[in-house]
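Here is a report on a two-chain model. Keep the sequence and the coordinates at hand while reading.

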Amino acid sequence: MPIPRVRPLPVTAYANLNALGGTRTDILHALAEGRSGLRPLVGEPGIETAVGAVDVALPELPSELGPWSTRLARMAAALVEQLDEPLRRARERWRPERIAVVLGTSTAGALTTEHAYQEYVAHGRLPSDYDFRRQHTFGAVLHVVSALSGARGPAWMISTACTSGSKPLASAQRLISAGLVDAALVGGFDTLCNLTLLGFAALQAIDRVPCRPFSIDRAGISIGEGGALALVERDGDARVLVEGVGETSDAYHISAPHPEGRGALDAMRQALEQAGRRPDEVDHINAHGTGTRLNDVAEAQAIRAVFAAPPPVTSTKGYTGHTLGAAGAIEFAFSAYAIEEGFLPPSIHADPVDPAIDLPLVRAVQRGTYRHVLSNSFAFGGNNVSVLVGAP
Amino acid sequence: MNESPFVSLAGMGLWLPRTPSVGAWRDGTRDETALAPGGRTLDRTNRRRASQLGRALADACAEACASANVDAGRVPTIVGSSIAEASTLLSILDTTWRRKEPVSPAAFSVSVHNAASGILSISAGNRGFASSIAADADTPAAALIEAVGLVLTTDEPVLVACGDETAPAHLVDDSETWELLAAAVVLAPLAWDGPELAKLALRLEGRPDLPPAALPAALGRNPVAGLVDLIDAVARGRSGTVRLDRGTGRGHCAEIVCLVHGADARPSDGSDRR
């Protein structure tokens, strides 16, 4: 497929929520201090691991959205709340019908359905307030965000596992470039749940201690939760730009990455080509860097194949855990922080680094001017996304 | 009214129990042996991995690609599904909470929404664009809008496949469940030199006042049945407005101008639907 002809997309506002906190200030402090948000898992499902739980008060949904109230929906509501003023301005500037909502999630309402099913097994009936359509489906949180944001344009969820949170950026870029809408609210969310903890444990892909991306000792992921939202507009006062997005497939294996990172490499090259940038213009890479044996080596090889001299690389999974369907959105926000705040967080828990990973990892907070940052996300199904974020 | 530019509709595919092709649907012929989708274009490993939904999507995609004369190994592919692999999720929950057994890594790997999308990509060797989306009853409209965005920015054909498996027992009332179906279309730029069945534009603002077409109840409740309405209209050469949901969505519509079967002769009023 030819690379879509799109324009750089202004990001006029964004918000982030994860194990480091619910405000920009809290998250930036943690990143600057190299402080992880991962903590030992307590309680179900009884696995020895660390998780990145969101530990801030989440808003209640308004009464008319009561039947949609889940942890996922309330996390989404917390993010919409942070964008209240930019959204008001966008609704005034563009008609609400010309503002799309394109979001990502991997597990949607699995957490709520798990609790409901446990009650079903114990008592033979679902909880009286359980509603599959309003609490489980991928469209449920979409309805909540559309209602709370006042955006009435086309709306959908993307669910491509761990690339779910970054693909909406590409969709919005195409929709706006094609003249189908004028603005879009994009992002992704996921909650912790037993399904993913037990599933990744079954795949032997969960570390017992906080995940150690790129380390010789790495033994898998730590799962996290959270989300991020960004408001993108046809034009406007940009905080950062989405300059290019590459979207490819490995066509190799349903859950394992291609060993040489073939699809990852293609995605990075496409993002650069779409943006009209050379590899040597990229100042930083926020790697997918999950901490699994396979991913980190494959990604390092792919980065080496694209970049003759790779820029500083960080995995932020050691701070937040792997937030799955939210990861692409959260790490887009981290990439924007690098540009706006002028610092790169260290890739924590990487020591001792695997000698097979020949990358210039960020080992201590690094300050400077960063104008182009590449953010990678890779997923089950062999789905790969690479987003080039640029300074305005 | 906010409407997309016209694009070409280049091919179509369909899999329903006993109606395993667009031709069978149009002609009203029933194949009593077609009770489960074969997933015949999937390689053996992925056919084994695929759910009923994944196989039905594969069959619908194969028919659509063949009729549009596009290569499944290269065409960008968008899969739409409201609940996707919910039956696999339910099976994992049952394993965990009722049978108290370990989760199967194989089952977990195909519990994600994009399992079918990944299986299609791996089987076809397609290393290009693949996405998997959901929007409840608006899933067909959303998938088509995403596809039109791709067509307009790449000038290449795009495969859209929508399907939903029967809603999981235990989690929904019997009156809310539906039959398995999968439907697929290939959209292409107007300047495309391949087959062309119709021209299509999408209304980006809903028309909830427009009634949905009449489909049998268990089929009509399927969240992606709106794509069957579109295929039905094109297969019968009926130009006009087709609502892309079943009355419970936003009312997104497609305006179609049919180019085959003496199109434009009859309004798309749903009066002769099966």
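What share of the contacts in chain B with a separation of 6 or more is accounted for by residues 24 or more positions apart? The share is 74%. The model behind this value is predicted.

## Chain B overall

Chain B has nine helices and eight strands. Its radius of gyration is 18 Å, and the globule rule gives 19 Å for 274 residues, so chain B is as compact as a globular protein of that length. The C-alpha atoms of chain B fill a box of roughly 60 × 40 × 40 Å along the principal axes. Of its 274 residues, 61% count as buried.

## Chain A overall

Chain A comes to 12 helices and 15 strands. Here the radius of gyration is 19 Å, close to the 21 Å that the globule rule gives for 392 residues, so chain A too is as compact as a globular protein of its length. Its C-alpha atoms occupy a box of roughly 60 × 50 × 40 Å, again along the principal axes.

Burial in chain A stands at 66% of the 392 residues. Contacts between residues at least 6 apart in sequence were also sorted by separation. In chain A, 81% of them join residues at least 24 apart.

## The interface

Chain A puts 55 residues in contact with 54 residues of chain B. On the chain A side, the elements that give two or more residues are α4 (110-123), α6 (138-149), β5 (155-158), α7 (167-177), α8 (194-202), β9 (240-249) and α9 (262-275). The most comes from α4(A), with six residues. By class, this side of chain A has 28 nonpolar, 18 polar and nine charged residues.

Strand pairing also crosses between the chains. β5(A) is joined by two bridges to strand β3 (residues 130-134) of chain B, and the two strands run antiparallel. Opposite Met157(A) stands Ala134(B), in β3(B).

## Two helices of chain A

α7(A) is one of the elements that give two or more residues to the interface. This helix is mostly covered, with 10 of its 11 residues buried. Lys167(A), Gln173(A) and Arg174(A) are among the buried residues. So are Leu169(A), Leu175(A) and Ile176(A), to name some others. After α7(A) comes Gly179(A), which has a positive phi near 80°.

α8(A) also contributes two or more residues to the side that touches chain B. Leu195(A) lies in this helix. Is Leu195(A) buried or exposed? Leu195(A) is buried, because 22 other C-beta atoms lie within 10 Å and the cut-off for burial is 20 or more. Beyond its neighbours within four places in sequence, Leu195(A) contacts Thr107(A), Ala110(A) and Glu114(A), and also Leu89(B) and Ile92(B). Pro45(A) is 150 residues away from Leu195(A) in sequence, yet their C-alpha atoms are 9.1 Å apart.

## The nonpolar core

The largest nonpolar core has 231 residues. Those with the most contacts inside it are Ala184(A), Ala228(A), Cys61(B), Val160(B) and Leu187(B).

Take Ala228(A) and set aside its neighbours within four places in sequence. Its contacts then include Tyr14(A), Ala15(A), Asn16(A) and Leu17(A). Leu79(A), Gly187(A) and Gly188(A) are also in contact with Ala228(A). Ala326(A), Ala329(A), Ile330(A), Phe332(A) and Ala333(A) complete the list.

Leu187(B) sits in strand β5 (residues 181-188) of chain B. This leucine is buried, with 25 other C-beta atoms within 10 Å. Its contacts outside the nearest four places in sequence include Val7(B), Ser8(B), Leu9(B) and Ala10(B). Ala147(B), Val148(B) and Val151(B) are in contact with Leu187(B) as well, as are Pro157(B), Val158(B) and Val160(B). Ile83(B) is 104 residues from Leu187(B) along the chain, and their C-alpha atoms are separated by 24 Å.

## Strand pairing in chain B

Which strand of chain B pairs with β8 (residues 253-258) over six bridges? The partner is β6 (residues 198-203), in the antiparallel sense. Leu200(B) has Ile256(B) of β8(B) as its bridge partner.

β8(B) is also joined to strand β7 (residues 240-243) of chain B, by four bridges. These two strands run antiparallel. Here Thr241(B) is bridged to Glu255(B) in β8(B).

Note on methods
Residues numbered from 1 in each chain as written. Chains lettered and ligands numbered in written order. Predicted model: local features only at pLDDT ≥ 70, side-chain atom pairs only at ≥ 80, totals over all residues. Contact = placed C-beta atoms within 7 Å. Nonpolar A, V, L, I, M, F, W, Y, C, P; charged D, E, K, R; others polar. Pairing = 2+ DSSP bridges. Rg over C-alpha atoms; globule rule 2.2 N^0.38 Å. Buried ≥ 20, exposed ≤ 12 C-beta atoms within 10 Å, placed from the backbone. Core = buried A, V, L, I, M, F, W, Y, C linked by C-beta atoms within 7 Å.
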